[in-house]
Structures are given as C-alpha cells and as structure tokens.
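Please read the following note with the sequence and the structure open beside it. The points are intended to be followed in order, from the whole chain to single residues.

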Amino acid sequence: MAIRNIVCYPDPLLRKKCEEITAIDDEIKRLGEDMLDTMYEKKGIGLAAPQVGVIKRLITVDISGPEKRENPFVMVNPEIVEKKGETEGEEGCLSLPGFKGKVKRAAAVKVRYLDLDGEEHLVDADELFAICLQHEIDHLDGKLIIDYAGRLKKKMYENKLKKLQKHRAR
Ligand SMILES: [Zn+2]
C-alpha cells in the first residue's frame, strides 16, 4: 500500500474523460487500495482515479470519514442509473485546495458498479453519500466543482492559486 500524490487544479489530467476498466488485474486492485489509503491520509471522504493521475473509471468513497473508516467503497466503472430530487450544498475537493463552492445535485441516486472481485452491485444512496458519489463520478468525466461556480468566483480562486504558487517559488 502506498500514498499517492494528489493532482491539483488546473492540471489537464483532471479534465480527461476516463476509460472503462476492462480487467480487474493486480494493478487495478493496488490502485483501489492505494486510493483508499490516500483518501484517508488526505482526510477526504471520496477520491477518483484521475486525482492520482490515473485516467480510469475507479473511485473510492467512505462517508464515515478518515477517523472511523467504517464504510469503505472501491467502485470500478461506477454509473448513475437513477436520480431523484434535488439538493444543494457546499462542497470541497482535494484537487482544489482552499476552494469551496455550492453545487446542485440529485438528492438520491442509484449507482451500479463492480467491486475489486468483479462482482456487480447496485447501491441506493442519499444525503452525503449521494452527493459524494455524484462528485466522484463527475471527476471520471473531467468535471470539477469549480465548473459549477460563477465566473467571478472561478477567477478569484485562480488568482489565489497564482499568489500561492509565487509564494512557493520564492
Ligand atoms: Zn473532488
């Protein structure tokens, strides 16, 4: 197991449309395990493969959080098959340090996915779990929470990033 580096905005890797996983081999299993570890280490509740630089359809989620670690999911080729209702909440992202933004989502989703043994599952999610799944599946299509923000908010964040980078370069 290993902690992987997080790819941050505006890295173009975050904008790629991820490929379906056709075989769950040792490399994919290791990726899933590393992503869980990385997600916990970075205090996240969800992580998508492009965030560690791998352009494949794999996500990890555990809404119990990095302290409890009670409900880990590793989902291969996750797909939303049903959406219900609407909700809006503030979200953050490990790839957008210092950014928080409001995002409109479905209130409940049904998601189909494969586990690391290749077994198919259907899971019904609502509340935080539903939001987290939609956020991570967005990543697999190159979509980020900053895309839901207005132009001004986006610009302000980009300026903030530039200042941070200048600061680091010193
Ligand atoms: Zn994210």
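The numbered points below describe the overall fold, one helix, the nonpolar cores, the strands and some unusual backbone positions.

1. Overall form. The model is a predicted one. The protein chain contains four helices and seven strands, and from the N terminus on these elements follow the order α-β-β-α-β-β-β-β-β-α-α. The radius of gyration of the protein chain is 16 Å, close to the 15 Å that the globule rule gives for 170 residues, so the chain is as compact as a globular protein of that length. Along the principal axes, the C-alpha atoms occupy a box of roughly 50 × 40 × 30 Å.

2. Burial and contacts. Of the 170 residues in the protein chain, 30% count as buried. Consider next the contacts between residues at least 6 apart in sequence: 62% of them join residues at least 24 apart.

3. The length of helix 1. Helix 1 covers residues 26-41. At 1.5 Å a residue, its 16 residues should span 22 Å, and the end C-alpha atoms of helix 1 are indeed 22 Å apart, so the two values agree.

4. The two sides of helix 1. Which residues of helix 1 are buried? They are Ile28, Leu31, Gly32, Met35, Thr38 and Met39. These residues cover an arc of only 135° around the axis, and therefore lie on the same side of helix 1. A general rule helps here: an α-helix has 3.6 residues a turn, so residues three or four places apart point the same way. On the other side of helix 1, Asp26 and Glu41 are exposed. The buried residues of helix 1 pack against strand 1, strand 2 (58-61) and strand 3.

5. The largest nonpolar core. In soluble globular proteins, nonpolar side chains tend to be buried together. In this model the largest nonpolar core has 29 residues, of which Ala49, Leu58, Ile59, Met75 and Leu133 touch the most other members. Two or more residues of this core come from each of helix 1, strand 1, strand 2, strand 3, strand 6 and helix 3 (127-140). Helix 3 gives the most to this core, with seven residues.

6. Leu58 and the second core. Setting aside its neighbours within four places in sequence, Leu58 is in contact with Ile21, Ile28, Leu31, Gly32, Ala49, Met75 and Val76. A second, separate core consists of six residues, including Leu14, Cys93, Leu96 and Ile145.

7. The two faces of strand 6. In a regular strand the side chains alternate between the two faces of the sheet. Strand 6 shows such alternation: Val109, Val111 and Tyr113 point to one face and are buried, whereas Ala108, Lys110, Arg112 and Leu114 point to the other and are not buried.

8. The partners of strand 6. Strand 3 and strand 6 run antiparallel and are joined by six bridges; in this pairing Glu79 stands opposite Arg112 of strand 6. Strand 6 (residues 108-114) is also antiparallel to strand 7 (residues 120-126), with seven bridges between them. Val109 stands opposite Ala125 in strand 7. The hairpin of strand 6 and strand 7 has five residues between the strands, and in this hairpin Gly118 takes a positive phi near 85°.

9. Backbone exceptions. Most residues other than glycine have a negative phi, and most peptide bonds are trans. Where is there a cis peptide bond? Such a bond joins Tyr9 and Pro10, with omega about 5°. Pro10 belongs to the segment before helix 1.

10. Positive phi at Lys43 and Arg69. Neither residue is a glycine, yet Lys43 has a positive phi of about 65° and Arg69 has a positive phi of about 55°. Lys43 comes just after helix 1, in the loop between helix 1 and strand 1 (46-48). Arg69 is placed in the loop between helix 2 (65-68) and strand 3 (73-84). Are these residues buried or exposed? A residue is exposed if 12 or fewer other C-beta atoms lie within 10 Å of its own. Lys43 has 10 C-beta neighbours inside 10 Å, and therefore counts as exposed. Arg69 has 12 such neighbours inside 10 Å, so Arg69 counts as exposed.

Methods
Residues are numbered from 1 along each chain as its sequence is written. This is a predicted model: local features need pLDDT of at least 70, side-chain atom pairs count only at pLDDT 80 or more; totals for chains, interfaces and linings use all residues. A residue is buried if 20 or more other C-beta atoms lie within 10 Å of its own, exposed if 12 or fewer, and partly exposed in between; C-beta atoms are placed from the backbone. Two strands pair if DSSP finds at least two bridges between them. The radius of gyration is taken over C-alpha atoms; the globule rule is 2.2 Å times the number of residues to the power 0.38. Two residues are in contact if their C-beta atoms, placed from the backbone, lie within 7 Å. The expected span of a helix is 1.5 Å times one less than its number of residues. The arc is that of the directions from the helix axis to the C-beta atoms. A nonpolar core is a set of buried Ala, Val, Leu, Ile, Met, Phe, Trp, Tyr and Cys residues joined through C-beta atoms within 7 Å.
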